[in-house]
Amino acid sequence: MINPVHLRTLLEVVAHRSFATAAARLGYTASAVSQQMTALERSTGTTLFVRGARSITPTAGALRMVRHAKRVLTDLDALMADVATISTDSAENEEIKLGIFPSLATFALPQILTAEDWHSLGINLRLWIGEPQQTVAGLGNGGDLDLALIFQVGPGGLSWPASLERTWLGDDQFRVVIPSSWPIAEDSQLTVDQLAEWPWIFHHPGTSDATLISRLFASYNIHPQVSAYCDDFNASLSLVASGLGAALVPDLAMANAPEGIRIVDAPEIRLARSIFALKPENSKKPKADLVLDRLAQVLAH
């Protein structure tokens with residue numbers, strides 16, 4: 001996951017070409033800013049700055065990331081501002097604590113929160129946006145989430161207490177995404193042999209997505225060249241657009257896809273992640289079901 005705090009710091013560093021100036025504007029130390037940028041480089045697999053003795057110069061990757069970061073941060077600010085406007089004064093309002101993974105939050109929540117009748121439902125929504133492992137923990141013993149939206153890729157890699165009720169909401173298909181600059185026709189059907197020749201952007205080894213994708217490729221005896229490891233789909237799409245390599249990206253993460261990418265069909269590569277809703281048995285929050293219904297409606301379309 002990319003930390004939004006690091007993206008905000010990146011905007012200041014690139015704008016002023018200085019860790020020290022960015023630190024002064026943000027209330028950090030220069031060392032803290034440098035550490036944030038190092039963490040961002042590590043999480044995206046991209047070199048963001050050429051560091052000199054007395055200066056820093058943003059790379060092309062940093063400038064491209066800034067353009068997308070502005071849009072992502074604007075969307076997040078709008079999302080949180082909209083949630084904050086939900087009235088908590090009415091006695092009829094019920095607080096629902098929702099855990100949801102980032103790509104679904106970005107895709108579904110703006111549609112739900114801007115619906116004309118949303119405020120009339122009397123729901124005071126509180127959000128925990130994170131990966132499934134985090135939100136499942138929030139539903140377990142000692143957790144206080146009322147509802148969690150998670151995904152599972154394949155049969156393993158994620159488990160939850162048997163006391164939780166599970167509802168399947170749909171499948172999120174992965175797409176083969178390539179740079180539009182590559183000389184491949186848009187309507188081409190590609191074979192696994194062609195895929196084996198490309199550089200790829202993969203998840204970090206050890207994650208459930210990475211394990212399943214690696215097994216899928218290995219089943220065809222494909223051992224691709226990895227040009228980057230990245231667990232954030234928005235960053236992966238930016239890297240694809242820059243021409244670094246191809247990637248497998250789910251439909252939900254394509255909502256804010258940048259220019260410079262192309263989806264191609266590889267009939268032998270079929271992969272999806274299943275989306276589930278989890279909530280405690282005998283939940284005493286009836287309006288959690290209203291939230292779940294809205295999410296299911298958005299996914300159905």
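This tour moves from the whole protein chain to a set of packed helices and then to a single loop residue.

**The whole chain.** Begin with everything displayed, bearing in mind that this is a predicted model. The protein chain holds ten helices and eleven strands. Its radius of gyration is 21 Å, close to the 19 Å that the globule rule gives for 301 residues, so the chain is as compact as a globular protein of that length. If you turn the view along the principal axes, the C-alpha atoms fill a box of roughly 60 × 55 × 35 Å. Colouring by accessibility should help here, since 48% of the 301 residues count as buried. Among contacts in the protein chain with a separation of 6 or more, 75% are between residues 24 or more positions apart.

**Helices α1 and α3.** Next select residues 4-16, which form helix α1, together with residues 30-44, which form helix α3. These two helices pack with their axes 9 Å apart and at an angle of about 115°, and α1 and α3 are therefore roughly perpendicular to each other. Looking at how they cross, you will find that α1 passes α3 in a left-handed crossing. To see the contact itself, show the side chains of Val5, His6, Leu7, Thr9, Leu10 and Val13 on α1, and those of Val33, Gln36, Met37, Ala39 and Leu40 on α3. By class, the residues of this contact between α1 and α3 are eight nonpolar, three polar and no charged.

**Helices α1 and α2.** Keep α1 on screen and add residues 19-26, which make up helix α2. Here the axes lie 8 Å apart, and the packing angle between α1 and α2 is about 130°, which makes α1 oblique to α2. The crossing of α1 and α2 is right-handed. On the α1 side, select Thr9, Glu12, Val13 and His16, which meet Phe19, Thr21, Ala22, Arg25 and Leu26 of α2. The contact of α1 with α2 comprises four nonpolar, three polar and two charged residues. Thr9 and Val13 deserve a second look, because they are listed for α1 in its contact with α3 and also in its contact with α2.

**Glutamate 197.** Finally, move to the loop between α7 (192-195) and β7 (199-202), where glutamate 197 lies. Is this residue buried or exposed? With a relative accessibility of 66%, glutamate 197 counts as exposed, because the cut-off for that class is over 50%. For a last distance across the model, pick the C-alpha atoms of glutamate 197 and glycine 122, which are 75 residues apart along the chain and separated by 54 Å.

Note on methods: Residues are numbered from 1 along each chain as its sequence is written. This is a predicted model: local features need pLDDT of at least 70, side-chain atom pairs count only at pLDDT 80 or more; totals for chains, interfaces and linings use all residues. Side-chain values use heavy atoms; hydrogens and water are left out. Axes are lines fitted to C-alpha atoms, for helices over the stretch in contact, and angles run from 0 to 180 degrees between N-to-C directions. Helices (H or I, at least four residues) and strands (E, at least two) are DSSP runs, numbered from the N terminus. Angles under 35 degrees count as roughly parallel, over 145 as roughly antiparallel, 65 to 115 as roughly perpendicular and the rest as oblique. A crossing is left-handed if the near helix is turned anticlockwise from the far one by less than a right angle, and right-handed if clockwise. Contact means heavy atoms within 4.5 Å. Ala, Val, Leu, Ile, Met, Phe, Trp, Tyr, Cys and Pro count as nonpolar, Asp, Glu, Lys and Arg as charged, and the others, Gly among them, as polar. The radius of gyration is taken over C-alpha atoms; the globule rule is 2.2 Å times the number of residues to the power 0.38. Buried means under 20% relative accessible area, exposed over 50%, partly exposed in between (1.4 Å probe, protein chains only).
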